[in-house]
Amino acid sequence: MEDSALDEQQLRQGRKYAYTGYVGSITVSPGRLAATVRDYEDDTSYQTVMRLEPLSDAEWRRFLDQIAVKAGHIAALLDRDMPAELVDAAGDAGVRLLPDIGDLDPECSCPGWEMPCRHAAALAYQVSWLLDADPFVLLLLRGKDEAELLGDLHGRSAPPATELAVDVFARRQQALPEPPPIPDGKPTVLSVPPAEGVDPEALELLATDAATRAREMLTGDVPDLARRPDAIRYAATYPAAEARLRSVEGLDRAVAAWRNGGEQGLRVLETSWQPPAASRARADDALAAVAEGSVIASRNHWTVGEVQLRLGRDERWYPYRDQGGEWWPVAPPQADVAAALIAVLA
């Protein structure tokens, strides 16, 4: 939309309308987005529509055949997750999943002649954020809702021969017993005092942490942590342990980073990287629309006065504030750079 827009001012106004809540409830259907958008200048509501051609039956078949090649894609979609590589998979099948220049067809009841007008731009920006939260909206817009898509994938996820093998195996095996219940994560009370020279309070914290981590490993995927990040995680999780870990360099800021953003927040604090040019351009444009004063960009850091926003490799924005000449993490990350700036300034 930005690459084909005739009037950049309409885009800026549309982005502001989207940020400030002037877009009403969005209706998504195959090939069509619709919403009522209120205009700030004349306080009038307009009916705005954005159209995108659905995929043909042949394109859907090629796309689903390509997905079926990788079991991981099917498993992720069946788990209602959208792999980032899905767009590449569509491209390999000769299917353009994301719209290209000229594919979006905006309509609006306002008297403006711009393509798009500020109301259509606001709808498009709002939908782009909606796609971040629920990528299945894109597939619905291209012609298949979640239930229909998952139904098609169920039919492709197990060939008849595999189904037969599973059925034969199941009939020959006795049912396994139910697994024991997962413990509640609380440590057992020690029945004997700790050995001489062992701090009882520290031992209790370690036992609690070990039980909690064990439960997490039984119920989800917990990555292994290196010694320094794990020490910071420990200090961030158990405030009583901070005093015992003062030898860790930069502990206070590291703990603040972990409490706001977890392991990824610590990485953002301690490392920098060069985002792609497209990501930098989008951030520059979004901040220019809402920032008061100059914006200074350096690698993955954008500085606006006493506030700095850092882009993580997870595509989230981590807010920092200048405190005595040092940048301190001050809030949890957000998916949108302008929203992160507004939240910190507020």
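**Salt bridges and exposure**

Me: Does arginine 316 count as buried, partly exposed or exposed?
Reply: The model is predicted, so local features need pLDDT of at least 70 and side-chain atom pairs pLDDT 80 or more, while totals for chains, interfaces and linings use all residues. Residues are numbered from 1 along each chain as its sequence is written, and side-chain values use heavy atoms, without hydrogens and water. Buried means under 20% relative accessible area, exposed over 50%, and partly exposed in between (1.4 Å probe, protein chains only). Because its relative accessibility is 33%, arginine 316 counts as partly exposed.

Me: Which residue forms a salt bridge with arginine 316?
Reply: A salt bridge is a side-chain nitrogen of Lys or Arg within 4 Å of a carboxyl oxygen of Asp or Glu. At 2.8 Å, N to O, the side chain of arginine 316 meets that of aspartate 314.

Me: Which residues do salt bridges that share partners join into one network?
Reply: Here salt bridges have partners in common. The one network consists of Glu2, Arg15 and Asp285.

Me: How far apart are glutamate 8 and arginine 12 along helix 1?
Reply: Their closest N and O atoms are 3.4 Å apart, in a salt bridge. Both lie in helix 1, residues 8-19 (helices are DSSP runs of H or I, at least four residues, numbered from the N terminus). The spacing is about one turn of the helix, or four residues.

Me: What is the relative accessible area of aspartate 43?
Reply: Aspartate 43 forms a salt bridge with arginine 38 (3.0 Å, N to O). Arginine 38 is partly exposed at 34%. Aspartate 43 is exposed, because its relative accessible area is 53%.

Technical notes:
Helix = DSSP H or I, 4+ residues; strand = E, 2+ residues; numbered from the N terminus.
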